[in-house]
Amino acid sequence: MIWLYLPLGLPVFFALICLIPFNGTRRTLALLFVGIAISVSSIAVLIGKYEGAVLAISGNSWLFLDGFSVFHLAVMSGVYLLSSLFALSYFRNHDDDLRRFAFLWNLSFAAMALVILSNNVVLMWIGIEATTVITAFMIYTNRTGVALEAMWKYLIICSVGVAFAFIGTILFISAGSGLGEPSSGMLLWTWLRVNSVGFKPVLVKAAFIFLLIGYGTKAGIAPMHTWLPDAHSQAPAPVSALFSGFLLNTALYCIYRFLPLTERALGGTGWAAGILSGFGLFSLILAGGFILFQRDLKRMLAYSSIEHIGIMCVGMGLGGAGVFASLFHALNHGLAKPLAFFSAGRFGQIYGTYDMDRIHNTGEVSKLLTAGLFGSLLALSGAAPFAMFLSELGIVRRAVEGGKWAVLVLLLLGATIAFVGIIGRSLSFIFKGSDPVPSKVKASFPEVVVTLLPLAILLILGVFMPPFLKDFIGRAAAIVTGSMPGGAP
Amino acid sequence: MIIFLLVNMFVLGMSRLRTLIRLTAFQSMLPGLYLLLESRGHITPFFVAFAAVTMIIKGIVFPILLFKAIERAKVKTELEPYVGYGLSLLFGLAAAGLSIWISGLLYSPANTGGRLNIIVAMMTIFTGLFILMSRKKAITQVLGYIILENGIYLLGMAMVGGMPLLLEAGILLDVFVGVFIMGIAVFHINRQFDHIDVNELNRLKG
């Protein structure tokens, strides 16, 4: 299917266009947005063409599309559209040349689309590697010493992580080396899914550990998360939004792809799923602890990302209905976290600091941004009317059904700590404070859209789940659970 | 393979930056050479070209880039490690032991490379990681990364016989892009701070 190549080719094309010297921040930003918008519409076309088919595959079967990748592409498109729109207003008064930034921004779209569309596990890995390299320079957009430090940590830690993922890939493939002639067909996920049953368990186990540590580094799973708070806090807010909203999920996506393969090879013992939940719980608790003691707003949001990635891992590891809840949670996080970074980023610009002790009386500066910040923080803490409450509830329910009481207790403990930490902080933005307040800021049209749209969707999804969305996520979840022996561990 | 092992030990005990770069370059040439020697039977022009490109990039281009970086940064030649050289060598021995144990787990007659290759590959991976963690300079971290990638390349050769070309291409791409980007970063670090000591990049905490 030729359409599969569009989401890869178009962004690269627009990335190159962004490099042409047009002079002027406005034009560069407009190009950036147009590029992303067109790339996203190509994904919409692709999904439209795919509708109904079980599996769409490219000529040499290196690229493919199934329910699971369609779901991830949709979330990715949403995050990119929102973040690009936000970039328009965030960089409006930026003096530096933004051409390189626009180039990298569009290029990163292609890299992430490559990860999601790859049927070939090595190609998928190359995509992850590409995202690391491309996004590293986006962190260094503000040319300061600390930004450079954050970028260096990100590069070194993630490069080593990605190298580990490669070792894992090699081991996984070598586990099947007895099954027929070595050929590039063995690298295909669709081939592995059918044949992994006969793989050697020892090698598969070793491979999964390497894959989990490797891709987990990129996904921000604790204890490999150390680059994440630095990178998130130093990158410009739109980049942080992109990182949290979807970059972490692309790495998780790779783990999810290998999870059912591993379970099949091991005969459905739940070994791999158990390890994934374990790491998830650890991330959740650790991040909760760090949230309590943060002063920097963006660092707090970064730790909250680690917390939510942890929740997603737990849901995925629990299997069954937990997979559905985990994917739903990824969607909600993809809406709430960019929103939080948008409003936090704007307040950071207005107040000139991210120190939470110095940001207060936000209601007097901008009602819209305050609604965005407070709403998103409420959503992120898992408060009731928002959709994230439902997805977390789904995971909790699955833990109860499965009788995993230890998981349940730790999950609730971590979520509670994070809840207390975030709510305690967010109240102080609105009230208290005697220092002078910056003058009132009028919101621009893109800001109104990026604030109210995700907030509205989160509220609606919290009350009512449209049947088409349920089908959509259900089909994605079925790819994971359906590939596991016995449905669930 | 034995040479590979010796180079690993040398790298751990080496205190001079320039020699370290040369050693790493030398080591990077070995897998390509080994590949050519081992597969006399079914050599294709494409295969030779690929091995040649790998060797040129890792053995010649990288060292030149790194030497330039040192010159520009005016780095002292000592490495100022966190862990002393003697202790590093001890670590090398421990890593060799560990590698032998791991190779026992991973090895099966179906792997074409033989057990020695797995041992050396694992040990190289450990050495790379250790260099990456225990030395202060940004450049030594890059070198550690290259050694790590050499190890992965060997592991691929040992574990997946007749490695699909894409795998090799992936490794090459990884190293090339990685080192290229890191080189640029080192340059920026140098310009920003007037040094490339990574242990002074410590302002972000918590």
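These are my notebook entries on side-chain contacts, cysteines, aromatic rings and one surface patch in a predicted model.

**Entry 1. Salt bridges**

I began with the salt bridges and counted six over all chains. I then looked up three of these pairs one by one.

The first pair was Asp66(A) and Arg257(A), whose side chains meet in a salt bridge with an N to O distance of 3.0 Å. I placed Asp66(A) in the loop between strand S2 (64-65) and helix H3 (67-90) of chain A, and Arg257(A) in helix H10 (residues 237-265) of chain A. The two residues are 191 residues apart, and the pair links distant parts of the chain. I noted that both Asp66(A) and Arg257(A) are buried.

I also checked what else Arg257(A) contacts. Its charged end sits over the ring of Trp189(A), 4.5 Å from the ring centre.

The second pair was Lys153(A) and Asp230(A), which I found joined by a salt bridge at 2.9 Å, N to O. Lys153(A) belongs to helix H6 (residues 145-174) of chain A and Asp230(A) to helix H9 (residues 227-234) of chain A. With their positions 77 residues apart, this pair too links distant parts of the chain. I asked whether each partner is buried or exposed. Lys153(A) has a relative accessible area of 22%, so I recorded it as partly exposed. Asp230(A) has a relative accessible area of 3% and is therefore buried. I found both residues again in a network of salt bridges that links Glu149(A), Lys153(A), Asp230(A) and Arg299(A).

The third pair was Glu447(A) and Arg346(A), with a salt bridge of 2.7 Å, N to O, between their side chains. Glu447(A) lies in helix H18 (residues 445-463) of chain A and Arg346(A) in helix H13 (residues 321-351) of chain A, so the bridge ties together parts that are 101 residues apart in sequence. I recorded Glu447(A) as buried because its relative accessibility is 3%. Arg346(A), at 8% relative accessibility, also counts as buried.

**Entry 2. Cysteines**

I searched for disulfides and the count over all chains was zero. I looked at Cys158(A), which is in no disulfide; its nearest cysteine sulfur is that of Cys254(A), 13 Å away. Cys158(A) counts as buried, at 1% relative accessibility. I then turned to Cys313(A), which is likewise in no disulfide and has the sulfur of Cys254(A) as its nearest, 13 Å away. Cys313(A) is buried as well, with 1% relative accessibility.

**Entry 3. Aromatic rings**

I counted 24 aromatic pairs over all chains. How are the rings of Tyr154(A) and Trp227(A) placed? Their centres are 4.9 Å apart and their planes stand at 50°, so I entered the pair as tilted. Tyr154(A) lies in helix H6 of chain A and Trp227(A) in helix H9 of chain A, so the pair ties together parts that are 73 residues apart in sequence. I found both Tyr154(A) and Trp227(A) buried. Helices H6 and H9 of chain A also hold Lys153(A) and Asp230(A), respectively.

I also noted one aromatic cluster, formed by Tyr80(A), Phe86(A), Tyr90(A), Phe91(A), Phe101(A), Trp105(A), Phe109(A) and Phe342(A).

**Entry 4. A patch on chain B**

I closed with the surface of chain B. Ile56(B), Ile60(B), Val61(B), Ile64(B) and Leu65(B) make a nonpolar surface patch of about 400 Å². I located Leu65(B) in helix H3 (residues 45-73) of chain B. Leu65(B) has a relative accessible area of 40%, so I recorded it as partly exposed.

Conventions. Residues are numbered from 1 along each chain as its sequence is written. Chains are lettered from A and ligands numbered from 1 in the order in which they are written. This is a predicted model: local features need pLDDT of at least 70, side-chain atom pairs count only at pLDDT 80 or more; totals for chains, interfaces and linings use all residues. Side-chain values use heavy atoms; hydrogens and water are left out. A salt bridge is a side-chain nitrogen of Lys or Arg within 4 Å of a carboxyl oxygen of Asp or Glu. Helices (H or I, at least four residues) and strands (E, at least two) are DSSP runs, numbered from the N terminus. Buried means under 20% relative accessible area, exposed over 50%, partly exposed in between (1.4 Å probe, protein chains only). Patches are made of residues with over 30% relative accessible area and no salt bridge: like charges are joined within 9 Å, nonpolar side chains (Val, Leu, Ile, Met, Phe, Trp, Tyr) within 5 Å. Accessible areas come from the Shrake-Rupley method with a 1.4 Å probe; for residues, only the protein chains shown count as cover. A disulfide is a pair of cysteine sulfur atoms within 2.5 Å. Rings of Phe, Tyr and Trp (its six-membered ring) pair if their centres lie within 6.5 Å; planes under 30 degrees apart count as stacked, over 60 as edge-to-face and the rest as tilted. A charge sits over a ring if NZ of Lys or CZ of Arg is within 6 Å of the ring centre and within 35 degrees of the ring normal.
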